[in-house]
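Hi everyone, thanks for making time. I'd like to walk you through a structure that is probably new to most of you, so let's put it up.

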Amino acid sequence: MRLVRLLLQTLLKGPVTQAPPPADADSLAQLAATLSARSRDTLGRSLAIRALDAGSCNGCELEIQAVCGPVYDLERYGLKVVASPRHADVLLVTGPVTRNMALAAVRTYEAMAAPKWVVAMGDCARDGGCFAGSYAVMNGVQELLPVDLVIPGCPPEPEKLLSGLLALLETVA
Amino acid sequence: MLGNTTLTEFLDGLRTVPQHQPWPRHLLDERAWMDLLHQLAESDWTLLGLWADGGEVHAALRDEEDGAVAVASLSCPERKYPSLSEVRPGAIRLERALRDLWGITPVGLSDPRPWLDHGRWPVSRPLALPRGPAPETPVDYPFLPVEGEALHIIPVGPVHAGVIEPGHFRFTCSGESVVRLEARLGYTHKGVEELMAGKPLAEAAKLAARLSGDSTVAYSLAFARAVEAATASEAPPRAHWLRALMAELERIANHLLDVGGVCNDAAFPVMLAHCTTLREEVLRANAACFGHRLLMDRILPGGVSHDLTREGGATLRKLCATLAQRLNILVDIYDDLPSLQDRTVGTGIVRPALARRFGAGGVVGRASMQGGDARKAVAYPPYDELDFAVPTQPLGDVNARIWQRIEELRESLSLVNQLMDGMPGGPLTRPIPTRGGEGMALVEGFRGEILLWLRLSEAGKVVRCHPRDPSWFQWPLLEAAIENNIVADFPLCNKSFNCSYSGVDL
Ligand code: SF4
């Protein structure tokens, strides 16, 4: 059967996963400033991430999906995207934070147990990006939630996203 | 008139607006608008879009018999107009959105509820002059009542379990079966139309490229073509071909992810893993050839920003060969797995008549026998010189939408090769003259036909721009498709539609 053949071939060829990028130096510096006091032991080098689309164009989501795929394989680092904010240590927010999503975003954050971190992914999440100034958006995540790390880009490339998250892992977990 | 009138005959003799390109725009008075409503009840014309500009409401229509496209406009000094929703149900959400943004009332629209406005903006009627005051309280949104014994309600969202866009779904169920699904969207409303107003072309183009990130090429193309129409200019031939190349690469990348995604939602993640890996190769080729993985901001009014080098061409040819071969393996696997098809066959059926009624195109429409494709219907360059088929499927279920994507993938792979074979030389851009005008574009994105209309000032700035995502006419069908299916099949149905949230929330 074709499926069995494909599975065997995949096994023999070895993984398509590429070598990990180094933890991002900029992000490490950013995090050192905000997180120095927090405990490193509690999380056991593993972070559960809850992705939250706060009004993105969906471009950032595409790169989150890429990072979860076999080529970047987020989970090998102990980073896992989870379904419920109750299970999450990190809220990964995309989009400029639309006013229509603000309440849901706050509730998602509040549903997370402490300690918790907020990552603003993409230029929109940083400061509203090209949507800044609209009646319908809040000009970035920091207007609503305490942001620990910004990963800029439109959208940030998978390597950038990964190295930012790895920096978070190194700093907090 | 009624009877067998064509759209062109019907509009013939009405006042035409100069400088609306490439299709005519006619000014109707209230009586002519009422005649249009009556005629729409008889005729099979497709509603392509409905939007406002200042005190005018515009409806874009297409006569499918001869392909004629026209815009009918009604001036509404009293800020109301007779609603199209009775004769074209696809207009309902457009009219609700238009009422929220402009404060123009569709008289006869049976649904009084707001759509994009959740009562959380610091203004109301944000596009009207003057704007309205901020609402005192958020909208208390009444979902449609459902009556019956032992029904229960499952509210889902706006935050979903997966990495997807936000929206609220309200399921009313009887046991496992869905009796009714109602969606409430608007959560990602960013006020793009207002942001675009008054912007120079370069800035507005950036916003257009971010209406729906997965369709960034298609939206940039639509914006560029509308600007070029409004200014009576044209991109050079090589730009047309490069644009089409990017559009097909975008279609390939998205269809791959959707085929994998649907299978994943049917508990077959192997397919998603392989499809994601293939998609990654496309995105890397994009980055290598054009400098951006999603090809954002590569298509600009007047042309394109990046040329394809010889090495780039070689990369793409190799990519196509690999994809074609590996896609075949995945297709065989899909075709060979009864346990997977058990989930997809007969699930989430959209009947052709319903797809027709809502004017739904794209993958969703074509998987239900609707043959429309702007690349053929409008035949914008270079598609008029390319050889490709527009496949359709008769059954309209999840399985049909998978096969539709597979067949479109194959056509697109062939198109990429044709585009490389025939790519003309020459410059990449031509300057856009600074002048006013109105332009409209119809462009086939991976989801379906995008309409983009704009009006430019004499200084060459955007006065008004309205983008209409294909999902406007596909979302309502999802509510019908899920009826009498089990709740557990909703992710499957939803993924097989893969409608845009950001694109319709604006
Ligand atoms: S940063 Fe760019 S890709 Fe991400 S949501 Fe904003 S516009 Fe889209």
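I'll talk about how two chains meet, and then about two spots on chain A. One thing up front: this is a predicted model.

Okay, the interface. How many residues are in contact between chain B and chain A? On the chain B side there are 56, and they touch 51 residues of chain A. People often describe the size of an interface by the accessible area that is lost when the parts come together. Here, the area buried between chain B and chain A comes to about 4200 Å², and carbon and sulfur atoms give 66% of that. Which three residues supply the most of what chain B buries against chain A? They're Arg120(B), Val163(B) and Lys190(B), and together they supply 16% of the area on chain B's part.

Now for the polar side of things. Between chain B and chain A we count 22 residue pairs in polar contact, with both residues at pLDDT 80 or more. Which elements of chain B give two or more residues to the side touching chain A? Those are helix H4 (192-196), helix H8 (269-290) and helix H9 (310-335). H8(B) gives the most, with nine residues.

The rule also finds two salt bridges across this interface. In a salt bridge between Arg2(A) and Asp332(B), the side chains come to 2.3 Å, N to O.

Let's move over to chain A and its surface. There's a nonpolar patch of about 590 Å² there, made by Met1(A), Val4(A), Leu8(A), Leu11(A) and Leu12(A). Take Leu8(A): you'll find it in helix H1, residues 2-13 of chain A. Is Leu8(A) buried, exposed or somewhere in between? Its relative accessibility is 48%, so Leu8(A) counts as partly exposed.

Last stop is Arg126(A), which sits in helix H5, residues 122-127 of chain A. With a relative accessible area of 35%, Arg126(A) is partly exposed too. Its side chain makes a polar contact with the side chain of Asp127(A), at 3.5 Å.

What does Arg126(A) touch once we leave aside neighbours within four places in sequence? The list is Ala120(A), Asn139(A), Gly140(A), Gln142(A), Val150(A) and Pro152(A). Have a look at Gly140(A) in particular: Arg126(A) and Gly140(A) are 14 residues apart along the chain, and their C-alpha atoms are separated by 5.1 Å.

That's my tour, thanks for listening!

Technical notes: Residues are numbered from 1 along each chain as its sequence is written. Chains are lettered from A and ligands numbered from 1 in the order in which they are written. This is a predicted model: local features need pLDDT of at least 70, side-chain atom pairs count only at pLDDT 80 or more; totals for chains, interfaces and linings use all residues. Side-chain values use heavy atoms; hydrogens and water are left out. Patches are made of residues with over 30% relative accessible area and no salt bridge: like charges are joined within 9 Å, nonpolar side chains (Val, Leu, Ile, Met, Phe, Trp, Tyr) within 5 Å. Accessible areas come from the Shrake-Rupley method with a 1.4 Å probe; for residues, only the protein chains shown count as cover. A salt bridge is a side-chain nitrogen of Lys or Arg within 4 Å of a carboxyl oxygen of Asp or Glu. Helices (H or I, at least four residues) and strands (E, at least two) are DSSP runs, numbered from the N terminus. Buried means under 20% relative accessible area, exposed over 50%, partly exposed in between (1.4 Å probe, protein chains only). Contact means heavy atoms within 4.5 Å. Buried area is the accessible area (1.4 Å probe) that two parts lose on being put together, summed over both. A polar contact is a pair of N or O atoms within 3.5 Å; within protein, one must be able to donate a hydrogen and the other to accept it, and residues adjacent in sequence count only if both atoms are side-chain atoms.
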